[in-house]
Amino acid sequence: MNTRQHRNIPEELRERLRSARRVFVLTGAGVSAESGVPTFRGGGHTAVWKGMPFEVISSASMVRSNLPEVWEWFDYRRGRIGECRPNPAHETIARWQERFESFTLATQNVDGLHAAAGSRGVLELHGNAWRARCLKCGNREDMREKQRDVRPPLCAECGTQMRPDVVLFGEMLPERVWISAAERAAHCDLCFVVGTSAIVYPAAGLPYAAAEAGAFLVEVNPEPTPLSEMCDVTLRGAAGEILPLLDD
Ligand code: OAD
């Protein structure tokens, strides 16, 4: 789809954008793809690191069995995302917090690019790669301020080893963040699902909650997902090209 076709944003969607009062946006790795952050899936590929599928290295059991390896993987990821800047998709979403009466952004991304674009109060469902969390006392620290050569890093409060403050496979989502996201999704009238393969639960359940509540559902993704069929509008293409068109 080229830009000219993107201009064919359905009039019904434009009307919904004009009348919406409570907007909920769920984003995934695809919203950061144009910033240079690799996605986990998509284009027929899944991410592999040192021969391990990412579900193995990004898992609760790996934290228990080989925490230094988990740190190596997150140091590598932070190295990549540290060079990335927000793209027009992040910027458009950041503007939307002023545009609608009520606006909620929930993301599965741990890269911090929504906040870097100016989004406030982002519900980070899977945590944040820039933070570490103490295995014992739960103290959180900004990795940008931690010594780089100590791995696993040690807690400034109690000296115990820390882990990345992210949600790994086999772990629960942070409770308060999840409850807020579920409540906001269930009370929105317009829901955007941007750049996610929509297969990792419970995050993938949020658009269904929105649809059940009667929200108008819009997907922005170059590829179809299990959610596509139930969307009112699917916009096939890159988020950084499509979302700015919705501000025209
Ligand atoms: P995925 O990597 O599973 O999916 C990325 C989606 O983005 C795919 O559907 C692509 O088609 C789409 N995409 C690619 N480029 C795009 C672009 N320029 N604009 C819009 N969409 C684009 O990422 P997530 O759905 O975020 O969890 O993955 C969900 C969770 O699985 C992640 O948070 C992570 C992962 O394992 C954990 O690590 C716990």
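In the predicted model, Thr27 has Thr107 of strand β6 as its bridge partner. This pair belongs to the contact between strand β1, residues 22-27, and β6, where six bridges connect two strands that run parallel. Strand β6 itself spans residues 102-107, and five of its six residues are buried, which leaves the strand mostly covered.

Thr107 also stands opposite Glu124, a residue of strand β7. Strand β7 comprises residues 123-124 and is joined to β6 by two bridges, again in a parallel arrangement. Thr27 likewise stands opposite a residue of another strand, namely Val194 in β11. Strand β11 covers residues 190-194, and five bridges link this strand to β1, the two running parallel.

These pairings form part of an open sheet of six strands. Read across the sheet, the strand order is β7-β6-β1-β11-β12-β13, and the pairing is parallel. The edges are occupied by β7 and β13, the latter made up of residues 233-235. Each of these two strands has a single partner strand, so one of its sides has no neighbour in the sheet.

Helix α6, formed by residues 88-99, packs on the sheet and touches β1, β6 and β11. The direction of helix α6 makes an angle of about 150 degrees with the direction of β6. Strand β6 is thus paired with β1 through six bridges, paired with β7 through two bridges, and touched by helix α6.

How values were computed
Residues are numbered from 1 along each chain as its sequence is written. This is a predicted model: local features need pLDDT of at least 70, side-chain atom pairs count only at pLDDT 80 or more; totals for chains, interfaces and linings use all residues. Side-chain values use heavy atoms; hydrogens and water are left out. Buried means under 20% relative accessible area, exposed over 50%, partly exposed in between (1.4 Å probe, protein chains only). Helices (H or I, at least four residues) and strands (E, at least two) are DSSP runs, numbered from the N terminus. Two strands pair if DSSP finds at least two bridges between them. Contact means heavy atoms within 4.5 Å. Axes are lines fitted to C-alpha atoms, for helices over the stretch in contact, and angles run from 0 to 180 degrees between N-to-C directions.
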